[in-house]
Amino acid sequence: MNTRHVMIAAGGALALLALPAAQAEDGYAAPADWPPPMVKHPLGMVLVDRLEYALPDEGPQALVWDLQAWYGGDVNRVYLKSEGENVQGDGEDAEFESLELRYSRLIADFWELQGGLGYQGGVVSDDHAERGYGVVGLQGVMPYGIETDVALRLSDAGDLSASLEGEYDLHLTQRLSLQPRTEILLAASEVEEFGVGEGLNSVRLGLRLGYAVTRRVTPYLGAYWEKQVGDTADLSRADGDATEDSGLVAGVRLLL
């Protein structure tokens, strides 16, 4: 009896596997004027990856943001990206470290090639030095789920710079996650106005522990360490600023 049941189940499974092939061999196809069974609609999303208050050991406290918004389909999208900070107690306006409008195209599984224009400077005032630039970037997911964002920027004055960011979400439970993060900055020439030296500029390492209250809201606590090197460190020393610092952060990650 058990053998018969096994044979019946196996026969049924083989019939189901053979069914698509049989239909294909029949040559059945929908009329050419029929609409597609699935219509692709453009979608949009806003990700506030970091909205945090930083408490450094050496420098002033600051409100920091890192966000991106996109609209489009699976292959073609338009991105608006922004990173910046508002240093507390310096009497100056908040500053865009980068504000970029990019066109993005999917070129491989999980990888997008992007290009566009950007701005660095004050948010609503001229408290900070300003410049515009063109940007080419590659954004995607490396093996083992490492989210990567590489960008090459050429300013309106001909200054070339690059950035590399990577982060990884380690899920400890369904709600609790640990995220290590790395950011490396480089420049091909010295731009004293922006405190940038030639070569490797700085390295920043961070670690955030987050708890997902909902899928869209994740408060977190974290710590970071950053160090300037080479000519960039020399420029900071000349201004009386620290070249190495660490601190704590408290913030929230939002998916809208």
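Biologist: How much area does the protein expose, and what share do carbon and sulfur atoms supply?

Modeller: Accessible area comes from the Shrake-Rupley method with a 1.4 Å probe, and in this predicted model the protein exposes about 15900 Å², of which carbon and sulfur atoms supply 63%. Local features here need pLDDT of at least 70, side-chain atom pairs count only at pLDDT 80 or more, and totals for chains, interfaces and linings use all residues. Residues are numbered from 1 along each chain as its sequence is written, and side-chain values use heavy atoms, with hydrogens and water left out.

Biologist: What percentage of the residues count as buried?

Modeller: Buried means under 20% relative accessible area (1.4 Å probe, protein chains only), and 32% of the 256 residues count as such.

Biologist: Which residues form the largest nonpolar core?

Modeller: In soluble globular proteins, nonpolar side chains tend to be buried together. A nonpolar core is a set of buried Ala, Val, Leu, Ile, Met, Phe, Trp, Tyr and Cys residues joined through side-chain atoms within 4.5 Å; the largest one here has seven residues, namely Ala-54, Ala-62, Val-64, Val-87, Tyr-220, Tyr-224 and Val-249. Strand 2 (62-72) and strand 12 each supply at least two residues of this core, strands being DSSP runs of E with at least two residues, numbered from the N terminus.

Biologist: Which residues does Val-87 contact, leaving aside its neighbours within four places in sequence?

Modeller: Contact means heavy atoms within 4.5 Å, and with those neighbours left aside Val-87 is in contact with Pro-60, Gln-61 and Ala-62.

Definitions and conventions:
Buried means under 20% relative accessible area, exposed over 50%, partly exposed in between (1.4 Å probe, protein chains only). Helices (H or I, at least four residues) and strands (E, at least two) are DSSP runs, numbered from the N terminus.
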